[in-house]
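I opened a new notebook page for this structure. My plan is to go from the overall order of elements down to single residues.

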Amino acid sequence: MNPKKLFADDSAVSPVIGVILMVAITVILAAVIATFVLGLGEQISSTAPQASFNYDLNSTSHNLTVTHTGGDTLDNGTVSFNYGNDSVDPTIVSQWGTDSIGAGDSVTIDKIYQGDTVQIIWEGDGGDRTAVLSEW
């Protein structure tokens, strides 16, 4: 091995590796720019929240107590209830007690019977996006 030749060698990364790196950087930049231009970033951020609920039906009074047990904190204005084909009285939603619904918050719905269907509906983007968060 000739140490003088080792220190005199000017070659670094081969041209093939250099071209591959430039193409990879170009593709990554194009993907980032396309995401912002096409608005995909906004759609990703407005996905439905994940939350879990517990239901407790009092068979004597026919009151259903719904308790938020975990997951995302919900904005009270984006949550509604559907009872069968009818919407539950909108004042029930305000009975959560706060502007945001977090773990431990609960509400009671009157006149619910075993076999009835109650859905918790989330509406985002001014009602343009809806999702069923939970169903009893």
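**Entry 1: the run of elements.** I read the protein chain from the N terminus and noted α-α-α-β-β-β-β-β-α-β-β-β-β. I tallied the elements as four helices and nine strands. Next I looked up burial. Of the 136 residues in the protein chain, 24% are buried.

**Entry 2: confidence.** I reminded myself that this is a predicted model. The pLDDT of the protein chain averages 76, and 71% of the residues score at least 70. Where is confidence lowest, and where is it highest? I found the low point in helix H4, residues 91-94, with a mean of 51. The high point is H2, at 89.

**Entry 3: helix H2.** I turned to H2, which covers residues 15-37. I checked its length. With 23 residues at 1.5 Å a residue, H2 should span 33 Å. Its end C-alpha atoms are 33 Å apart, so the check agrees. After H2 comes Gly 39, and I noted its positive phi, near 75°.

**Entry 4: the hairpin.** I moved on to strand E1 (residues 51-58) and strand E2 (residues 63-71). They run antiparallel and are joined by eight bridges. I picked out two of the pairings. Asn 54 has Thr 67 as its bridge partner in E2. Asp 56 stands opposite Thr 65, also in E2. Between the two strands of this hairpin there are four residues. I looked at His 62 in the hairpin and found a positive phi near 60°.

**Entry 5: the open sheet.** How many strands does the open sheet have, and in what order? I found three, in the order E1-E2-E7, with antiparallel pairing. E1 and E7 are the edge strands, as each pairs on one side only. From one strand to the next the twist averages 25°. I then followed E2 across to E7. Four bridges join these antiparallel strands. Thr 65 has Thr 108 as its bridge partner in E7. Thr 67 is partnered there by Ser 106. I noticed that Thr 65 came up before, opposite Asp 56. Thr 67 did too, as the partner of Asn 54.

**Entry 6: His 68.** I stopped at His 68, which lies in strand E2. Is His 68 buried or exposed? Its relative accessible area is 1%, so I wrote it down as buried. What does the side chain of His 68 reach? I found the backbone oxygen of Gly 102 at 3.3 Å. I also found the backbone nitrogen of Ala 103 at 3.1 Å.

**Entry 7: E4, E8 and E9.** I went to the pairings of strand E8, residues 118-124. E4 and E8 pair in the antiparallel sense over five bridges. Here Val 79 stands opposite Trp 122 in E8. E8 also pairs with strand E9, residues 129-135, in the antiparallel sense over six bridges. Ile 120 stands opposite Ser 134 in E9. Then I asked how many residues of E8 are buried. Six of the seven are, so E8 is largely enclosed by the rest of the structure.

**Entry 8: Ile 120.** I took a closer look at Ile 120, which is found in strand E8. Its relative accessibility is 0%; the cut-off for buried is under 20%, so Ile 120 counts as buried. I also looked up its distance to Ser 80. The two residues are 40 apart along the chain, and 5.9 Å separates their C-alpha atoms.

**Entry 9: the largest nonpolar core.** Last, I looked up the largest nonpolar core, which has 16 residues. Which residues touch the most other members? I listed Phe 53, Val 66, Leu 74, Phe 81 and Ile 120. Then I checked which strands supply this core. E1, E2, strand E4 (79-83), strand E7 (106-109) and E8 each supply at least two of its residues. I marked E1, E2 and E7 on my page as the strands of the open sheet. I marked E4 and E8 as the antiparallel pair with five bridges.

Notes
Residues numbered from 1 in each chain as written. Predicted model: local features only at pLDDT ≥ 70, side-chain atom pairs only at ≥ 80, totals over all residues. Heavy atoms only, no water. Pairing = 2+ DSSP bridges. Buried < 20%, exposed > 50% of the residue type's maximum accessible area, 1.4 Å probe, protein only. Polar contact = N/O pair within 3.5 Å; in protein donor to acceptor, adjacent residues only side chain to side chain. Core = buried A, V, L, I, M, F, W, Y, C linked by side-chain atoms within 4.5 Å. Axes fitted to C-alpha atoms, helices over the stretch in contact; angles between N-to-C directions. Expected span 1.5 Å × (residues − 1). pLDDT = per-residue confidence, 0-100.
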